[in-house]
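Here are a few short exercises to work through with the structure open beside you. Try each task before you read its solution.

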Amino acid sequence: MSHKYETEARGHVWKRDEDDGEIDIFAYEGGEYHNGPLCVNCGYGFCHHCNDLPDEACSKPALEGEFTTVNEQKLLGSVDNGTDRN
Ligand SMILES: [Zn+2]
Ligand SMILES: [Zn+2]
């Protein structure tokens with residue numbers, strides 16, 4: 001079963017259950033009856049009861065097969081501010 005926030009993750013890499021490989025929807029805890037997926041890259045999580053999709057794009061999207069150095073991350077971070085609008 002696929003979730004909407006799985007296909008439209010906005011760059012987030014959701015933490016997965018070690019046993020069954022499914023997205024761990026209890027990784028993010030927002031209080032009683034509020035829980036959802038948590039991004040292993042940026043630490044962002046949201047309640048999947050309140051929201052279908054993450055309201056923030058990942059601040060540290062993983063580039064598959066690429067290794068980003070700390071210096072490059074700093075550069076990306078300074079350039080990336082405020083550019084997320086369409
Ligand atoms: Zn909630
Ligand atoms: Zn993320």
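The exercises below concern a predicted model.

**Exercise 1. Describe the fold in terms of helices and strands.**

Solution. Start by counting the elements: the protein has two helices and two strands. Next, read along the sequence, where the pattern is α-β-β-α.

**Exercise 2. Locate H49 and decide whether this residue is buried or exposed.**

Solution. First, find its place: H49 sits in the loop between β2 (35–36) and α2 (70–80). Then look at its surroundings: 12 other C-beta atoms lie within 10 Å of H49. A residue is exposed if that count is 12 or fewer, so H49 is exposed.

**Exercise 3. Find which residues H49 touches, not counting those up to four places away in sequence.**

Solution. H49 touches Y33 and H34. Now take H34: along the chain, H49 and H34 are 15 residues apart, while their C-alpha atoms are separated by 6.6 Å.

**Exercise 4. Identify the largest nonpolar core and follow the contacts of C39.**

Solution. Begin with the members: seven residues make up this core, namely W14, I23, Y28, L38, C39, Y44 and F46. In soluble globular proteins, nonpolar side chains tend to be buried together. Then turn to C39: leaving aside neighbours within four places in sequence, C39 is in contact with H12, V13, W14, Y44, G45 and C58. Both W14 and Y44 are also listed in the core.

**Exercise 5. State what share of the protein is buried, and what share of contacts joins distant positions.**

Solution. Of the 86 residues in the protein, 16% are buried. For contacts with a separation of 6 or more, 32% come from residues 24 or more positions apart.

Technical notes: Residues numbered from 1 in each chain as written. Chains lettered and ligands numbered in written order. Predicted model: local features only at pLDDT ≥ 70, side-chain atom pairs only at ≥ 80, totals over all residues. Helix = DSSP H or I, 4+ residues; strand = E, 2+ residues; numbered from the N terminus. Buried ≥ 20, exposed ≤ 12 C-beta atoms within 10 Å, placed from the backbone. Contact = placed C-beta atoms within 7 Å. Core = buried A, V, L, I, M, F, W, Y, C linked by C-beta atoms within 7 Å.
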